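Let's learn to read a structure by asking about it, piece by piece.

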Amino acid sequence: MPTETLAAITPAETLMQISGGYSLSRCLHVVADLGVADALDDQPRTAAALAESTGTNADALNRVLRLLSCHGIFESRDGKFAHTPASRLLRSDHPRSMRSFVRMIGLPVNWAAYGKLDHTVRTGQSAMAQVLPDGLFRYFADHPEASQIFNQAMMGKAQAQIAGIVGNYSFSDFNLIGDIGGGQGHLLEAVLAANPHLRGVLFEAPHVIEQASGIASDRLSLQSGDFFKDAMPVCDAYLMMDIIHDWSDEESTRILKNLRRFAPTHAKLLLVEAVIRDDSKPNFVKILDIHMMTLVTGRQRTWHEFETLLAGAGFRLEREIDAGGEFSILEATGV
Ligand SMILES: C[S@@+](CC[C@H](N)C(=O)[O-])C[C@H]1O[C@@H](n2cnc3c(N)ncnc32)[C@H](O)[C@@H]1O
């Protein structure tokens with residue numbers, strides 16, 4: 001909640017709003033799951049009409065949309081609901097759709113893990129281990145529907161990052177670039193499109209490579225494996241977007257040391273991460289940090305934490321390039 005908003009309300013209201021804030025989050029997850037935004041086009045519609053299209057209860061949907069519309073998601077207008085820029089992003093057919101991202105955050109396993117956040121705070125261990133002993137990525141490998149939501153979510157959230165990476169970093173000195181844990185290859189495809197001299201390798205877990213098989217070309221090859229232990233491609237640059245934040249320092253060191261076994265010393269390692277700042281701004285990075293702590297074993301890190309982590313795995317952190325929003329490209333090279 002922005003500090004200006006907090007300043008304008010009483011301390012008791014601050015506690016009421018934040019302690020009950022999960023009701024707002026949950027309404028958003030459910031509306032995204034039910035496809036309510038897909039049932040609304042440019043013409044405002046009543047909750048009853050939207051309920052009929054989505055197979056939901058008109059009164060309950062009306063109350064949920066009334067709450068969301070107070071927060072800029074849909075607009076209440078003359079007894080009907082209309083789209084806002086935020087609600088349009090919940091449509092499945094929006095080119096920068098965030099529907100899957102919202103559904104992914106609200107996946108039942110994530111919701112269940114948040115119910116056990118006290119365990120994390122008491123022990124420092126991921127709450128998800130109480131829900132899924134083998135962890136979230138194993139769960140995705142075994143649950144194709146959830147995996148598809150996750151993969152689409154990554155493509156959705158990456159849209160904002162991709163423009164900043166392609167626009168702010170020069171790939172002209174490289175010939176072969178690896179995207180390690182690159183999901184469906186959305187970032188790699190964009191980098192190759194903007195740099196016609198470049199070839200790329202998408203390295204991913206086997207179930208993700210299967211889903212990405214359609215993107216292979218004479219310039220883009222696919223390699224499946226486990227980045228903790230398997231052979232990695234030998235490239236002159238590596239992208240790792242939102243990978244290291246998923247893992248503890250010990251796990252991240254294993255991933256980076258494994259990469260270092262195959263990365264030539266001159267190769268550039270480009271970590272795309274939201275660096276956590278030592279300030280009191282209530283931004284999304286600090287929420288993401290709690291997601292990483294609760295849902296996986298990771299964390300958002302400071303520049304200094306990245307520097308130490310990379311040094312322990314045979315890389316030197318050299319510079320930070322602003323990639324827009326809260327994201328940075330952290331450029332490292334082998335030592
Ligand atoms: C947070 S997603 C990031 C995806 C993509 N880089 C992006 O930012 O849009 C993490 C990715 O790491 C992959 N991954 C997780 N464990 C892996 C492993 N052991 N080996 C290879 N890839 C793995 C997942 O399949 C997932 O696509």
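What follows is a dialogue between a learner and a teacher.

Q: Before we start, what kind of model is this, and how are residues numbered?

A: This is a predicted model, where local features need pLDDT of at least 70 and side-chain atom pairs count only at pLDDT 80 or more, while totals for chains, interfaces and linings use all residues. Residues are numbered from 1 along each chain as its sequence is written, and side-chain values use heavy atoms, with hydrogens and water left out.

Q: Which domains does the chain have?

A: Domain bounds come from an automatic or database domain assignment. Here that assignment gives domain 1 (3–92) and domain 2 (114–334). Their C-alpha centres lie 32 Å apart.

Q: How many salt bridges are there in the whole structure?

A: A salt bridge is a side-chain nitrogen of Lys or Arg within 4 Å of a carboxyl oxygen of Asp or Glu. A search of the whole structure turns up 17 of them. One of these joins Asp-42 and Arg-88, with 3.2 Å from N to O.

Q: Which parts does the pair of Asp-42 and Arg-88 tie together?

A: For this you need helices: they are DSSP runs of H or I with at least four residues, just as strands are runs of E with at least two, and the numbering goes from the N terminus. Asp-42 sits in the loop between α3 (21–34) and α4 (47–54), and Arg-88 in helix α6 (residues 85–88), so the salt bridge ties together parts that are 46 residues apart in sequence.

Q: Is Asp-42 buried or exposed?

A: Buried means under 20% relative accessible area, exposed means over 50%, and partly exposed is in between, using a 1.4 Å probe and protein chains only. Asp-42 is exposed at 57%, and its partner Arg-88 is partly exposed at 33%.

Q: Where do Arg-254 and Glu-250 lie?

A: Both are in helix α15 (residues 249–262), four residues apart, which is about one turn of the helix. They form a salt bridge too, with the closest N and O atoms 2.9 Å apart. Arg-254 is partly exposed at 41%, and so is Glu-250 at 48%.

Q: Which residues are linked in a network of salt bridges?

A: Lys-268, Arg-316 and Glu-318 are linked that way. Within this network, the closest N and O atoms of Arg-316 and Glu-318 are 3.4 Å apart.

Q: Now the ligand: which residues come nearest?

A: A residue is near a molecule if one of its heavy atoms lies within 4 Å of it. Of the 20 residues around the ligand, the nearest are Lys-157, Gly-181, His-186, Glu-204 and Met-241. Helix α12 (residues 144–168) gives the most to this shell, with three residues.

Q: What atom of the ligand does the side chain of Glu-204 approach?

A: An oxygen atom, which is 2.5 Å from an N or O atom in that side chain. A polar side-chain atom of His-186 lies 2.7 Å from a ligand oxygen atom, and a backbone N or O atom of Gly-181 lies 2.8 Å from a ligand nitrogen atom. The protein covers 94% of the 590 Å² of accessible area that the ligand has on its own; such areas come from the Shrake-Rupley method with a 1.4 Å probe, and for residues only the protein chains shown count as cover.

Q: One last stop: where is Ser-100?

A: Ser-100 is in helix α7 (residues 99–105), and it is buried at 11%.

Definitions and conventions: A polar contact is a pair of N or O atoms within 3.5 Å; within protein, one must be able to donate a hydrogen and the other to accept it, and residues adjacent in sequence count only if both atoms are side-chain atoms.
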